[in-house]
Amino acid sequence: MTFNFDVSYLPQLAGGLVVTLEVTSCCIAIGIVLGILLALGRVYGGRFISIPCSIYIHFFRGTPLLVQLFIVYFGLPNWGIRLSAFASGILALGLNTAAYQAEYFRGAIQAVKAGQMVAARSLGLTRLQAIRHVVLPQALRLVIPPWSNELILMLKYSSIVFSIALYDLMGVGKRIASRHFNYFEVFIVLALLYLALVLLITLGLRWVERRLRVPGLGTAGRGA
Amino acid sequence: MDPLLRVEDIHKRYGTEEVLRGVSFQLDRGQTKVVIGPSGTGKSTLLRCINRLTAPDRGQVWLEDVEVTAPRAKINEIRSQIGFVFQDFNLFTHLTALDNVRLGLVKVKRMGKREATTRAMEELTRVGLKDKAGAYPAHLSGGQQQRVSIARALAMDPKLILFDEPTSALDPELIGEVLNVMAQLAEDGMTMIVVTHEMGFARSVADEIVFMEHGVIVEQGPPEKLFRSPEVARTGEFLRKISELYGAEE
Ligand SMILES: Nc1ncnc2c1ncn2[C@@H]1O[C@H](COP(=O)(O)OP(=O)(O)OP(=O)(O)O)[C@@H](O)[C@H]1O
Ligand SMILES: [Mg+2]
């Protein structure tokens, strides 16, 4: 039995890898910003802010990602909004991951002791200053471990953008395999590439977490 | 001379429970008032109403000629002039002792970083923790944490400091170091309101003791008077009980 895989595929795969990394990092960036805002809205917003935030979160967590992607890419043009495949991909994935990230951020914000906010306000910091300088720096440290799962999930889910004709790793792999009829070999290589990326991300985030670690914050029971 | 702080007829209700039922008092510059009373009587609520960490339902608080309770009061500016020391310290967990003291200076007082550092180091030195400036709260003892939190309040140059049971969360052997710092502050002329069960401190440091129960002030007066010849029988009873528990040796 031979492993039917040719090194000449590598440049194409490298191109796909770049697209995968671009899609993942763009949607994660959208998700961080929007996710933090949604979480703050849910925790600190009055009813008129927190309810819409909840609805948003439930909508995006309650419907399939692929459906959301198709609404953006195939559906929005009916309303005169025509986005490129790349923009559609990062928009749909970004809006989706924002909903999941919001819940992680919310949990972390609520894990910061209430006295921290009170102490900050007692010094004369405004609520926004207290959130920015006291609550968020602690919440963001606490959120790293659960949040890294979301980053890994998004890296893997980003493969669905092949369905709107984006040539990410998955798209490129499928093109090569259908041309050379070596689905097994190509997709094994793809799987290994994704696995390597996941490992890199995991190690990277662990390093970041260690770098930002402060005694007494969320590291209890992990053997500091 | 006008009093520094005037509290007039403060009321506060939580649900159906009226926690403060019309509390009034005044405090002159440089005076220390100790507030005592049974648990659940509204002492913490009263302190929190003074800088509006809790909004009173009724009544007024005046800091010099500024009405703290006015709807349009610049509450953040006012809070920066009123220090608050909490029972469980509430130091910012992610910041070193130095940064805990600096935060208010930089963000509220808009002080430059270098000036803020100098100022913060002065106050850390004053509470005897110069060499702990770089330590995170988790690496400090309770007594040290509370002293940092006093330094954090002092650095803002407050007109008044409110202490809410500052030693109640401390191991007995750490209480002294905190009380000593507070006694020194009183001596240096700081204006303070201290909720505490430490009767020894109350006797030796307070200019006036306020006995509260069920949301009202039962009796207030100089310590000698309250300890020797209280006007209300309940005051004497409470003082005896609390002195037995916490000791009030002269
Ligand atoms: N945020 C709140 N919501 C509802 N009830 C509250 C709140 N804060 C305080 N209370 C209630 O108000 C009453 C007075 O509380 P407060 O903390 O002011 O008493 P205290 O005199 O400081 O007591 P302690 O000596 O136990 O600290 C208590 O019955 C308490 O349960
Ligand atoms: Mg209390």
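Two strands are said to pair if DSSP finds at least two bridges between them. With that convention in place, I turn to the structure above, which is a predicted model.

I begin with the sheet in chain B. V7(B) stands opposite F25(B), a residue of strand 2 of chain B. A second facing couple is I10(B) and V23(B), the latter again in strand 2 of chain B. These belong to the pairing of strand 1 of chain B, residues 5-14, with strand 2 of chain B, residues 17-27, which is antiparallel and extends over eight bridges. The two strands form a hairpin with two residues between them, and G15(B) there adopts a positive phi near 65°.

Strand 1 of chain B also pairs with strand 4 of chain B, residues 58-63, in the antiparallel sense and over five bridges. Within strand 4 of chain B, Q60(B) is the residue opposite E8(B). Strand 4 of chain B is in turn joined by two bridges to strand 5 of chain B, residues 66-67, and these run antiparallel. L63(B) has V66(B), in strand 5 of chain B, as its bridge partner. Here too there is a hairpin with two residues between the strands, and E64(B) in the turn has a positive phi of about 50°.

What, then, is the order of the four strands in the open sheet of chain B? The order is 2-1-4-5, with antiparallel pairing. Strand 2 and strand 5 of chain B are the edge strands, each pairing on one side only. Helix 1 of chain B, residues 43-50, lies across strand 1, strand 2 and strand 4 of chain B, and runs at about 60° to strand 2 of chain B.

I move next to the nonpolar core. In soluble globular proteins, nonpolar side chains tend to be buried together. The largest nonpolar core in this model has 140 residues, and the members touching the most others are L5(B), I50(B), I150(B), L160(B), F163(B) and I193(B). Helix 6 of chain A, residues 127-157, gives the most to this core, namely twelve residues. In chain B, domain 1 (5-81 + 160-246) and domain 2 (94-157) both give residues to the core, so it lies between them. Apart from it lies another core, of eight residues, including L38(A), I57(A), A98(A) and A102(A).

Two residues of chain B deserve individual mention. Leaving aside residues up to four places away in sequence, I150(B) touches V85(B), V127(B), F163(B), V178(B), V181(B), M182(B) and L185(B). The other is Q146(B), located in helix 5 of chain B, residues 142-155. Is Q146(B) buried or exposed? Q146(B) is buried, because its relative accessible area is 0%, and the cut-off for buried is under 20%. With the sequence neighbours up to four places away again set aside, Q146(B) touches V85(B), F86(B), Q87(B), F89(B), P166(B) and V178(B).

Finally, the interface. In it, 24 residues of chain B are in contact with 21 residues of chain A. The two chains, B and A, bury about 1900 Å² between them, and 64% of this lies on carbon and sulfur atoms. Which three residues supply more than any other three of the area that chain B buries against chain A? They are F92(B), T93(B) and H94(B), which supply 30% of that area.

Notes
Residues numbered from 1 in each chain as written. Chains lettered and ligands numbered in written order. Predicted model: local features only at pLDDT ≥ 70, side-chain atom pairs only at ≥ 80, totals over all residues. Heavy atoms only, no water. Core = buried A, V, L, I, M, F, W, Y, C linked by side-chain atoms within 4.5 Å. Buried < 20%, exposed > 50% of the residue type's maximum accessible area, 1.4 Å probe, protein only. Domains from an automatic or database assignment. Contact = heavy atoms within 4.5 Å. Axes fitted to C-alpha atoms, helices over the stretch in contact; angles between N-to-C directions. Buried area = accessible area lost by both parts, 1.4 Å probe.
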